[in-house]
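Let's walk through this one together, starting at the ligand and working outwards.

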Amino acid sequence: MSDSLPSGSSPWVVAEQFKPAGTVVNIQEFGQGNINSTFLVTLDVVTDQRFILQRINTQVFQHPQLVMRNIRTYSEHVCQRLQTDTCQRRWEVPRVLLTPAQQDYWISPDGDFWRAMSYIETAQALQEITTPDQAEEMGYALGMFHHLISDLPAEQLADTLEGFHITPQYLQQFEQVQDTQVELTPEVEYCLQFIRDRKQDTDILETAKAEGKLQLRLMHGDPKINNILMDTDTQQAVSVIDLDTVKPGLVHYDIGDCLRSGCNPLGEETEQWEMVQFDLQRCQRILQGYLAVAQSFLTDHDYDYLYDAVRLIAFELGLRFFTDYLAGNVYFKVKHPDHNLNRALVQFKLAESIEAQAQEIHALIQSLR
Ligand code: GN1
Ligand code: MG
């Protein structure tokens with residue numbers, strides 16, 4: 001899992017199964033995914049010249065056929081809705097490509113699970129936010145994503161990744177590996193202490209869900225910065241990609257994830273973890289962009305838990321990275337043995353900065369209600 005090259009079959013062989021027409025002339029590794037392996041395939045044709053080919057990590061996604069079914073249910077629904085919606089702006093949904101046998105996946109002779117998606121042209125993944133307008137666009141993108149599925153019943157999609165974003169379950173996984181022999185460096189001690197100090201309040205969203213205050217809806221699951229596509233001409237958001245975790249969940253997981261990703265100017269891969277801060281101005285613009293679209297379907301309770309969502313999802317991702325570090329880097333791809341430790345430190349510093357600005361964030365949410 002820590003290598004990004006295909007273990008068995010070559011993407012050149014696999015691309016033949018999905019190419020709509022023409023000859024494959026180029027294949028290159030693409031994106032920064034931490035789980036799957038992604039390639040951009042170029043064909044010698046004029047239309048649909050490029051497509052995305054992915055080998056799904058089936059250690060993580062153990063029911064990849066269900067993942068594909070979810071993606072198709074989602075994209076068919078949204079495409080239909082876009083035909084009737086009176087939205088004036090460009091909005092794109094990645095399409096699933098089929099094999100000659102009309103299947104939405106192909107299993108190579110060595111057992112790898114592959115699938116292909118259309119590539120959205122004249123758009124680029126947001127790599128970092130450099131202007132306040134981009135922050136607002138990021139929020140708009142998530143709002144639009146939620147808006148377009150707000151009338152698709154959650155039961156129509158399968159739970160393809162049990163426990164995903166259920167923070168108390170990540171805490172249990174941490175507890176199972178916390179006695180692993182590991183050198184107690186100051187960084188490791190900091191993480192251990194950070195988790196110890198917060199383990200009492202990891203179930204706030206799950207409790208609110210169980211009490212019926214927050215309702216199960218459909219979510220994206222991973223609306224981080226580089227899963228938002230911006231139109232290369234207008235610089236407006238045009239799509240949210242990476243649909244593997246579209247499934248029932250709380251919109252709070254998404255809002256929390258969008259903010260923890262968009263409001264960290266140093267980015268989640270920075271080595272300057274001690275400098276990481278949560279940027280309140282970006283938070284304001286992301287929420288404004290989000291609420292411009294989402295206000296219509298958010299309840300009072302939904303607003304009540306927005307602060308906890310941001311704090312919790314940053315903490316949770318830190319916990320997931322740190323647990324994986326202790327477990328020997330078996331889930332997230334790493335470039336070096338301490339990579340997940342460094343990523344955990346970044347998220348814990350971010351969570352600390354969110355906690356330090358709790359009052360301001362609460363006041364901001366209040367002003368936007
Ligand atoms: C993983 O594979 P990628 O980069 O799309 C992870 C997300 C994390 C993200 C952090 C299925 O997403 O939950 O937030 O890394 N996806 C899964 O960058 O665990
Ligand atoms: Mg993802």
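**Around the ligand**

Ligand 1 is surrounded by 15 residues, with Asp222, Lys224, Glu268, Arg320 and Tyr331 the closest (a residue is near if one of its heavy atoms lies within 4 Å). This is a predicted model, where local features need pLDDT of at least 70, side-chain atom pairs count only at pLDDT 80 or more, and totals for chains, interfaces and linings use all residues. Residues are numbered from 1 along each chain as its sequence is written, chains are lettered from A and ligands numbered from 1 in the order written, and side-chain values use heavy atoms, leaving out hydrogens and water.

By class, that shell holds seven nonpolar, two polar and six charged residues; Ala, Val, Leu, Ile, Met, Phe, Trp, Tyr, Cys and Pro count as nonpolar, Asp, Glu, Lys and Arg as charged, and the others, Gly among them, as polar. Now for some atom pairs. A polar side-chain atom of glutamate 268 sits 2.4 Å from an oxygen atom of ligand 1, while for an N or O atom in the side chain of tyrosine 331 the distance to a ligand oxygen is 2.6 Å.

Step back to the domains. The assignment, automatic or from a database, splits the protein chain into domain 1 (7-120) and domain 2 (125-368). Their contact (heavy atoms within 4.5 Å) takes 29 residues from domain 1 and 37 residues from domain 2. The C-alpha centres of the two domains are 25 Å apart. Both domains give residues to the shell around ligand 1, so the ligand lies between them.

Methods: A polar contact is a pair of N or O atoms within 3.5 Å; within protein, one must be able to donate a hydrogen and the other to accept it, and residues adjacent in sequence count only if both atoms are side-chain atoms.
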